[in-house]
Amino acid sequence: MWTVATYVLKKRLTGQKRYPLVLMLEPLFRCNLACAGCGKVQYPAHILKKQLTPEQCFAAVEECGAPMVSLPGGEPLLHPQIVEIVAGLVARKKYVYLCTNALLLKKRLPEFTPSKYLTFSVHLDGQREHHDMSVCREGGYDIAVEGIQEAVKAGFRVTTNATFFDGADPQSVRGFFDEVMGMGVEGIVLSPGYSYEKAPDQNKFMGRARSRRLFRAILSNRKRSWKFNMSPLFLEFLMGDRHYECTPWGSPAYNIFGWQRPCYLLQDGYTSTYQELIDTTRWEEYGAASGNPKCANCMVSCGYEPTAVMDGFGSLKGLLGMVRGTFRLYPDEQAKRMLDEPDHGMAIPAPARALEETKV
Amino acid sequence: MTASAAKYTLEQIESLELAPAADHRNLEGWVPAIANDADLRNALEKAFDYRGDVTLTLKSGERIEAFIFNRLTGETLAASRVEYFTPSAPEKRSVSYAEIARVEFTGKDRAAGKQWEDWVRKYNERKAAGEKGIALTPEALD
């Protein structure tokens with residue numbers, strides 16, 4: 001936290017308007033799961049066989065200068081040089097979040113060295129039955145949990161990360177939080193799903209109103225035992241307590257195609273350099289305020305958590321909000337009722353109005 | 001965004017119950033008719049969005065099987081180009097729009113048939129048949 005706080009303050013003091021917090025470094029798109037509806041890995045075989053070299057990874061990290069590096073994919077543990085990549089990032093004192101489905105975690109764990117800079121962020125979408133359905137693999141939950149337990153026992157930092165889609169049961173999600181905290185993880189990461197343009201399914205993604213209700217039901221009336229590895233202000237944004245605008249340059253993405261424009265989620269093209277991404281992207285065309293339909297449902301952490309972090313470390317008010325949010329349990333009677341109602345308050349009202357055609 | 005994209009107001013965005021869906025028509029096998037510059041631009045934009053390989057035929061007669069991952073558009077076709085990977089070369093390549101005569105959507109749409117409902121239906125069928133360890137497995141890469 002101290003590293004991020006000083007980084008943000010330095011950027012503000014030097015008047016830098018756009019700067020990255022987390023580099024989303026995708027070393028490959030290949031995956032050992034075949035999740036139905038996945039929008040990240042729908043590529044021909046020759047693309048799935050490609051991967052970034054360690055040198056390309058280090059160059060991207062040096063180029064953008066973000067203090068944190070997230071390694072999603074695909075499945076990073078399928079990369080034959082992932083140990084070298086992680087070691088190189090740790091040597092550069094970058095906080096590395098290796099995002100894994102943990103199918104190979106137990107097997108590959110001895111190749112890694114515990115470090116305060118390295119966290120395994122294990123994909124777990126919910127309780128056993130829910131997770132197994134979500135990743136289309138019976139037994140997937142048990143393998144992931146075994147990997148988590150081995151990693152915790154070996155002294156690694158471990159978090160879980162969950163994505164929630166339409167139909168998620170908030171009561172079950174809260175039970176899931178109890179389970180993962182019982183595994184000894186450092187914290188929980190969560191996010192609503194994003195409607196990737198390349199996803200086969202286009203009807204499973206919640207709009208903002210539904211997302212806010214779901215997260216209000218889940219995150220109100222918290223238990224003291226729950227720890228979140230996320231900005232408390234971002235969680236308040238998910239619950240509908242705060243309005244934030246997207247900061248797409250806060251989590252720039254780099255992969256075999258180059259620097260992804262404008263963000264980790266949207267693929268509106270690529271640039272060869274980070275500076276070109278920053279200088280030539282029409283940022284005003286993205287985020288909720290732009291009205292861009294591709295950004296309409298997005299409340300995802302890669303765009304909105306940087307905003308929350310910059311808010312938290314950018315003013316005394318933000319800092320106080322963050323401190324308060326860290327310790328609050330958010331008592332909320334209405335949210336309790338949402339848990340008890342059979343449809344969890346998720347009834348769909350008629351749309352307010354039709355789409356507006358607007359000339360840009 | 002395109003020049004006349006359908007935009008939302010903030011109020012509409014905040015009240016959305018479900019995300020607006022992207023339009024995925026089945027383009028596999030499609031060979032767009034290209035009569036003018038606009039047709040070519042449109043075909044290459046679709047090729048950029050396509051979740052599989054396409055085959056480009058250049059005016060020189062050369063045919064290129066490619067996964068198009070980027071397009072850089074300018075005022076003229078000569079000032080516009082697509083960037084792509086081919087199955088046989090490790091490096092990124094690019095070609096000017098002005099050199100392209102024909103676009104064919106020859107590769108498999110890699111997301112087609114992978115809907116959530118299909119998985120749930122298959123799962124229930126296999127479960128009912130007494131199967132254990134039910135899973136979807138990634139397609140072989142070779």
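**Figure 1. Lys93(A), an exposed loop residue with a positive phi.** Lys93(A) counts as exposed because just 11 C-beta neighbours fall inside 10 Å, where 12 or fewer is the cut-off. The residue sits in the loop between helix 4 and strand 3 (95–100) of chain A. Take a look at its backbone too: phi of Lys93(A) is near 60 degrees, a positive value in a residue other than glycine. Most residues other than glycine have a negative phi. Please keep in mind for this view and the others that the model is predicted.

**Figure 2. Tyr330(A), another non-glycine residue with a positive phi.** Here phi is positive at about 55 degrees, although Tyr330(A) is not a glycine. You will find Tyr330(A) in the loop between helix 13 and helix 14 (333–340) of chain A. Is Tyr330(A) buried, exposed or partly exposed? It has 16 other C-beta atoms within 10 Å, so Tyr330(A) is partly exposed.

**Figure 3. Helix 12 and helix 13 of chain A in contact.** Two packed helices are described by the angle between their axes and the distance between the axes. For helix 12 (residues 301–314) and helix 13 (residues 316–327) of chain A, the angle is about 110 degrees and the axes are 5 Å apart. Helix 12 of chain A and helix 13 of chain A are therefore roughly perpendicular to each other, a label that covers angles of 65 to 115 degrees. On the helix 12 side of chain A, the contact is made by Asp311(A), Gly312(A), Phe313(A) and Gly314(A). Helix 13 of chain A contributes Gly318(A), Leu319(A), Gly321(A) and Met322(A). Sorted by class, this contact of helix 12 with helix 13 of chain A has 3 nonpolar, 4 polar and 1 charged residues.

**Figure 4. His79(A) and its surroundings.** This close-up visits the loop between strand 2 (68–71) and helix 4 (82–91) of chain A, where His79(A) is found. With 22 other C-beta atoms within 10 Å, His79(A) is buried, since 20 or more are needed for that class. Which residues does His79(A) touch, not counting those up to four places away in sequence? They are Pro27(A), Leu28(A), Gln51(A) and Ile85(A). Pro27(A) is 52 residues apart from His79(A) along the chain, yet their C-alpha atoms are separated by 7.4 Å.

**Figure 5. Two cis peptide bonds in chain A.** Most peptide bonds are trans. In this view, a cis peptide bond joins Gly73(A) and Gly74(A), with omega about 10 degrees. Gly74(A) has its place in the loop between strand 2 and helix 4 of chain A, and His79(A) is also found in that loop. A cis peptide bond also joins Arg261(A) and Pro262(A), where omega is about 0 degrees. Pro262(A) belongs to strand 8 (residues 258–262) of chain A.

**Figure 6. The open sheet of chain B and the helix packed on it.** In what order do the 5 strands of this sheet lie? They run 5-4-3-2-6, and the pairing is antiparallel. Strand 5 (93–96) and strand 6 (100–104) of chain B are the edge strands, each pairing on one side only. On average, neighbouring strands of the sheet are turned by 45 degrees against each other, direction ignored. Helix 2 (residues 37–49) of chain B packs on the sheet and touches strand 2, strand 3 (63–72), strand 4 (81–85) and strand 6 of chain B. The direction of helix 2 makes about 90 degrees with that of strand 3 of chain B.

**Figure 7. Strand 2 beside strand 6 in chain B.** Zooming in on one pairing, strand 2 (residues 54–58) and strand 6 of chain B run antiparallel and are joined by 4 bridges. One bridge takes Thr55(B) to its partner Glu104(B), in strand 6 of chain B.

**Figure 8. Setting for the close-ups: the two chains.** Chain A holds 14 helices and 10 strands. Its radius of gyration is 20 Å, close to the 21 Å that the globule rule gives for 360 residues, so chain A is as compact as a globular protein of that length. Of those 360 residues of chain A, 54% count as buried. Chain B has 3 helices and 6 strands, which run β-α-α-β-β-β-β-β-α from the N terminus on. Chain B has a radius of gyration of 20 Å, whereas a compact globule of 142 residues would have one near 14 Å. Of the 142 residues of chain B, 26% count as buried.

Technical notes
Residues numbered from 1 in each chain as written. Chains lettered and ligands numbered in written order. Predicted model: local features only at pLDDT ≥ 70, side-chain atom pairs only at ≥ 80, totals over all residues. Contact = placed C-beta atoms within 7 Å. Pairing = 2+ DSSP bridges. Axes fitted to C-alpha atoms, helices over the stretch in contact; angles between N-to-C directions. Parallel < 35°, antiparallel > 145°, perpendicular 65-115°, else oblique. Nonpolar A, V, L, I, M, F, W, Y, C, P; charged D, E, K, R; others polar. Rg over C-alpha atoms; globule rule 2.2 N^0.38 Å.
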